[in-house]
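Grab a pencil and open the viewer. Let's work through a few exercises together.

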Amino acid sequence: MCLTHPEAERNPMILSLFRKNTATDAVYGVYRAIVAQSRQPVFYAEWGVPDTVTGRFDMISLHMALVFRRLRANKTSKGFSQAVFDLFFKDMDRSLREMGAGDLGVPKKIQKMGNLFFGLLAAINEAMDRNDREALAAVFSRNIFGDAGLEHAFALADYALEQDRVLAAQPVDSITGGTVTFGTSA
């Protein structure tokens, strides 16, 4: 993967894929909780999130973004967030290879996925920082539902705003210790 200097500055986490493994039991615990929550059937069966590789990537990205929002105010959790990010993209790399993506194509796909993740993270943060339900639904409509299903986008926006409140009530030390608890899906 070859990032130009401006891209490296914009997405410094992506460069971490070349660092040593920083995943601890706590990092694995939080990542497993994120993946488990993102697989809740309600997202796919009732709210219309596409039950595809892309739809599942989007839901994991959403839940990672929510956890990162909780951790962002705490300077000591930066390394933990980085380790969760690293594990996520190593898992995506492994998944792409298992699905038959060629060795030469995987780095480009991972770079694209990283850019999609950072774009979604920025858009979610912007809307949620303003507590703007409509803007958040528009982000989900555009990025997850492909501009279709605004009704489902509002359901997902309400869910994300509620999860943000649930996560805000959890101590950062608990999350970085490996325990994150999401609220109910519906």
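Here are three exercises on this predicted model, each with a worked solution.

**Exercise 1.** Work out which secondary structure elements the protein has, and in what order.

Solution. Start by counting: you should find 9 helices and 0 strands. Next, walk along the sequence and jot down each element as you meet it. Your pattern should read α-α-α-α-α-α-α-α-α.

**Exercise 2.** Describe how helix 2 and helix 4 pack against each other.

Solution. First, find the two partners: helix 2 covers residues 25-38, and helix 4 covers residues 53-71. Their axes lie 8 Å apart, at an angle of about 130°. Now name the arrangement: angles over 145 degrees count as roughly antiparallel and 65 to 115 as roughly perpendicular, so helix 2 is oblique to helix 4. As for handedness, the crossing of this pair, helix 2 and helix 4, is right-handed.

Then pick out who touches whom. Helix 2 brings V30, Y31, I34, V35, Q37 and S38 to the contact, while helix 4 brings M59, I60, H63, M64 and V67. Last step, sort these residues by type: 8 are nonpolar, 3 are polar and none is charged.

**Exercise 3.** Sum up burial, contacts and surface for the whole protein.

Solution. Begin with burial: 49% of the 186 residues count as buried. Move on to contacts with a separation of 6 or more: 66% of them come from residues 24 or more positions apart. Finish with the surface: the protein exposes about 9,400 Å², and carbon and sulfur atoms supply 55% of that area.

Key:
Residues numbered from 1 in each chain as written. Predicted model: local features only at pLDDT ≥ 70, side-chain atom pairs only at ≥ 80, totals over all residues. Heavy atoms only, no water. Axes fitted to C-alpha atoms, helices over the stretch in contact; angles between N-to-C directions. Helix = DSSP H or I, 4+ residues; strand = E, 2+ residues; numbered from the N terminus. Parallel < 35°, antiparallel > 145°, perpendicular 65-115°, else oblique. Left-handed = near helix turned anticlockwise from the far one by under 90°. Contact = heavy atoms within 4.5 Å. Nonpolar A, V, L, I, M, F, W, Y, C, P; charged D, E, K, R; others polar. Buried < 20%, exposed > 50% of the residue type's maximum accessible area, 1.4 Å probe, protein only. Areas by Shrake-Rupley, 256 points an atom, 1.4 Å probe, with all protein chains shown as cover.
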